[in-house]
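Visitor: Please show me the model, then take a few questions on it.

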Amino acid sequence: MIPANFDYEAPSSIREAISLLEQYGDDAKILSGGHSLLPMMKLRLASPGCLIDINNITGLDYIKEEEGLVKIGALVRESDVEHSDILKKYFPIFSDVTKLIADPQVRNRATIAGNLAHGDAANDQPAVMLATRANIIITGPDGLRGVPIDEFFLGFYTTAIQQNEILTEIQIPIPPNGTGSAYHKLERKVGDYATVGVAVQLTLDNKGICTGIGIGLTNVNPVPLRAERSESALLGKPVNEATIAEAAKFAAEDCSPSSDLRGSEEYKRAMVGVLLKRMILRAAERAMA
Amino acid sequence: MIRQITITVNGEEHTLQAEPRLLLVHLIREVLNLTGTHIGCDTTSCGACTILMDGKSVKSCTILAVQANGKSITTIEGISTEGQLNPLQEGFKENHGLHCGFCTPGMILRATELLANNPNPTEEEIRWGISGNLCRCTGYNNIVKAIQYASAKMRGEALPSTEPQFV
């Protein structure tokens with residue numbers, strides 16, 4: 001399969017990339033890892049008139065700790081996320097999630113920023129960003145702006161990134177001591193989209209009371225979903241059988257999965273509850289370790 | 001819009017003209033005539049088109065040839081020296097790690113990066129490591145053994161038995 005014809009630009013700075021976006025208008029797409037975009041172009045589901053390849057822009061492949069945040073640059077690959085010591089130290093959830101994203105060769109190319117910018121509720125990183133309460137930094141002609149993750153996903157393949165802007169950095173607040181996180185998805189085979197995926201980040205005080213909670217759900221809603229009622233069911237309360245059961249019940253009720261080849265709506269709701277229970281327990285175990 | 005690109009393939013530098021939509025795998029197979037890199041699914045699933053780009057295993061059906069500008073590529077044709085099988089090729093031969101052979105070049109290139117990053121992987125690490133490469137013949141067991149054989153050989157350890165195990 002061969003994509004339709006397009007122009008190709010390979011700028012060497014973000015500024016140059018943005019002026020190319022303004023020049024080509026709606027016809028242009030940013031190419032970073034390309035492992036969602038190129039398959040869509042080969043299948044002719046997308047045929048942009050111009051690809052603006054940002055892979056030659058240097059200095060965008062950092063993962064660093066600064067001002068109480070972990071900052072991840074636009075060209076950090078999923079394989080870099082998988083093996084980052086900084087992320088392993090604060091966020092065990094990234095070891096869980098990256099292992100389940102596609103396969104090793106795809107992770108060598110695919111970027112975490114592209115995974116978010118694609119705006120697909122079936123992708124795994126959006127739920128992790130919801131759980132860890134990330135802030136998305138977007139660069140446009142007038143400079144930078146930050147968008148909280150809860151305001152980032154607007155609809156099917158639609159995000160807060162405007163046509164003349166580029167997602168340049170992901171910022172994740174470093175959580176306090178006593179925090180654990182976990183992700184898991186049900187998948188039919190390696191590399192498949194999630195049937196259901198659940199991300200949890202949870203903070204416990206020394207009496208076992210939940211003082212911080214983030215829960216994100218994958219592929220059970222038109223946009224990546226924060227399980228707000230489940231979070232309220234745990235916040236300020238002890239993490240025990242009753243509160244976990246209530247959180248699981250709320251998540252199963254509040255998501256909107258569709259029946260497809262991966263399972264019926266009923267099955268997916270049930271699995272959201274099952275996985276959420278397991279991820280709360282795993283995150284709590286890690287919080288206490 | 002034709003672009004000029006320069007890429008190094010198996011140590012040899014080429015300067016070529018390419019349309020932006022030309023896929024890297026088509027450049028390798030049809031322009032450079034290196035047909036050891038296979039096209040299986042053409043949808044980033046099967047791994048038959050796996051090559052090394054600057055030492056990293058990637059699926060060449062999902063990379064544009066113009067994106068390889070300035071990069072160094074290794075294909076299956078470039079991994080042995082002076083006609084000697086390299087340890088992975090020897091492992092696949094000794095352990096019957098292939099039947100039809102279609103997945104083998106991709107498996108070997110993927111395993112090359114796996115062993116470069118992790119010279120002594122566990123069986124589980126090998127199985128996760130080749131999870132992006134599909135084989136419809138072997139059932140994978142002999143491929144895992146082939147990679148274990150190469151790992152032992154590259155570390156200078158005693159080679160595991162290549163006799164079939166009956167249980």
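Sheet and helix packing

Visitor: Which residue in E3(A) does A:Ile30 stand opposite?
Guide: The model is predicted: local features need pLDDT of at least 70, side-chain atom pairs count only at pLDDT 80 or more, and totals for chains, interfaces and linings use all residues. Residues are numbered from 1 along each chain as its sequence is written, while chains are lettered from A and ligands numbered from 1 in the order in which they are written. Strands (E, at least two residues) and helices (H or I, at least four) are DSSP runs numbered from the N terminus. Opposite A:Ile30 in E3(A) stands A:Ile52.

Visitor: In what order do the 3 strands of the open sheet lie?
Guide: Strands pair if DSSP finds at least two bridges between them, and 4 bridges join E2(A) to E3(A), residues 50–53. E1 (7–9) and E2 (28–31) of chain A each pair on one side only and are the edge strands. The pairing is parallel, and the order in chain A is E1-E3-E2.

Visitor: At what angle does H1 of chain A run to E3(A)?
Guide: Axes are lines fitted to C-alpha atoms, for helices over the stretch in contact (C-beta atoms, placed from the backbone, within 7 Å). Angles run from 0 to 180 degrees between N-to-C directions. H1 (residues 14–24) lies across E1, E2 and E3 of chain A, and its angle to E3(A) is about 170 degrees.

Visitor: How far apart are the axes of H10 and H11 of chain A?
Guide: Among the residues that meet are A:Ile244 and A:Ala248 in H10(A), and A:Leu276 and A:Ile280 in H11(A). H10 (residues 241–254) and H11 (residues 265–288) of chain A pack at about 145 degrees, and their axes are separated by 8 Å.

Notes
Contact = placed C-beta atoms within 7 Å.
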